[in-house]
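Colleague: I am new to this structure and would love a close look at one part of it, the sheet and whatever packs around it. Could you walk me through it?

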Amino acid sequence: MNKRWTIKTIDCYDSNNHNNILTNDYVYRCLKKTKLDCYFDFNVKHSDSYETRPWLNDMWPWPENPYEVVIFTKGTIPGCLFSDDTKYIVGGADINGKRCSVTFSYIDSQIEIGARIIHEILHTYDLDADGMTSREYSNFIIWLSKNNKKHLRFVSDPNAYYNDWHYLGQELLCEYYRYLIETNLQISWWTKLLCKIMRWF
Ligand SMILES: [Zn+2]
């Protein structure tokens, strides 16, 4: 499996036409907060090139190549269009083309932005990134009970993580993504060990 992914930050403006604050360093920090960056080989760079493609009823920017993600704010992007109906839609994955498009806004926490990027990437490996509380739930609980007691106790208390969705909720989501990665993708034992050590810090 290819784990090299390029994250492209594109020039764009928020709805108040403020300059984009999304620097490459900021994106690296967001990915680091998920503690899942150790499974991938991320390269974040600024880019002005993207293609516009329909997504739901809108026109979104998309990367031109496989294993690329564009990240942007919904605002004034040449050739793009964002409607009110899709204001809660924050990402998309082109599974066959292996590329993703992700939006962020200024109220999103860092871990939330990082988790969102990884969420869409997992879709391109055909993993059920949406299934934490449905299809994959029972297997996830079994995995958590062996691997992460701290988060296990939150799963049985949805109020705890829904009330703290930007932080605790995202941590739990990231544990779910870890479960998907470790049980479905080809990850070497030493990468698993390295990722385990990284979680202690
Ligand atoms: Zn999804």
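Modeller: Happy to! Please keep in mind that this is a predicted model. Let's begin with one pair of residues: K8 has V70 as its bridge partner in β5. That pairing belongs to a wider link, since strand β1, residues 4-9, and strand β5, residues 68-72, run parallel and are joined by four bridges.

Against this region lies helix α1, residues 24-34, which packs on the sheet and touches β1, β2 and β5. The direction of α1 makes about 155° with that of β2.

Now step back to the sheet as a whole. Five strands make it up, and if you move across it you meet them in the order β2-β1-β5-β7-β6. The sheet is open, and its pairing is mixed. At the edges stand β2 (41-46) and β6 (91-94); each has a single partner strand, so one side of each is left without a neighbour in the sheet. On average, neighbouring strands here are turned by 15° against each other, direction ignored.

A second helix belongs in this picture. Helix α2, residues 110-124, lies across β1, β5, β6 and β7, the last of these being residues 99-103. Its course is at about 25° to β6. So that you can place these pieces in the chain, it has seven helices and seven strands, and along the sequence they follow the pattern β-α-β-β-β-β-β-β-α-α-α-α-α-α.

Beyond the sheet, one helix pair is worth finding on your screen. Two packed helices are described by the angle between their axes and the distance between the axes. For helix α3 (residues 137-147) and helix α6 (residues 165-184), the axes come within 10 Å and cross at roughly 95°. That makes α3 roughly perpendicular to α6. On the α3 side, F140, W143 and L144 make the contact, while α6 brings E175, Y176, Y179 and T183. Sorted by class, this contact of α3 with α6 has five nonpolar residues, one polar and one charged.

Finally, here is how the whole chain looks around these parts. The C-alpha trace spans about 50 × 35 × 30 Å along its principal axes. A compact globule of 201 residues would have a radius of gyration near 17 Å, and the chain agrees with its 17 Å. Of those 201 residues, 35% count as buried. Among contacts between residues at least 6 apart in sequence, 68% join residues at least 24 apart. The bridge between K8 and V70 is a good place to start your own tour.

Notes: Residues numbered from 1 in each chain as written. Predicted model: local features only at pLDDT ≥ 70, side-chain atom pairs only at ≥ 80, totals over all residues. Pairing = 2+ DSSP bridges. Helix = DSSP H or I, 4+ residues; strand = E, 2+ residues; numbered from the N terminus. Axes fitted to C-alpha atoms, helices over the stretch in contact; angles between N-to-C directions. Contact = placed C-beta atoms within 7 Å. Rg over C-alpha atoms; globule rule 2.2 N^0.38 Å. Buried ≥ 20, exposed ≤ 12 C-beta atoms within 10 Å, placed from the backbone. Parallel < 35°, antiparallel > 145°, perpendicular 65-115°, else oblique. Nonpolar A, V, L, I, M, F, W, Y, C, P; charged D, E, K, R; others polar.
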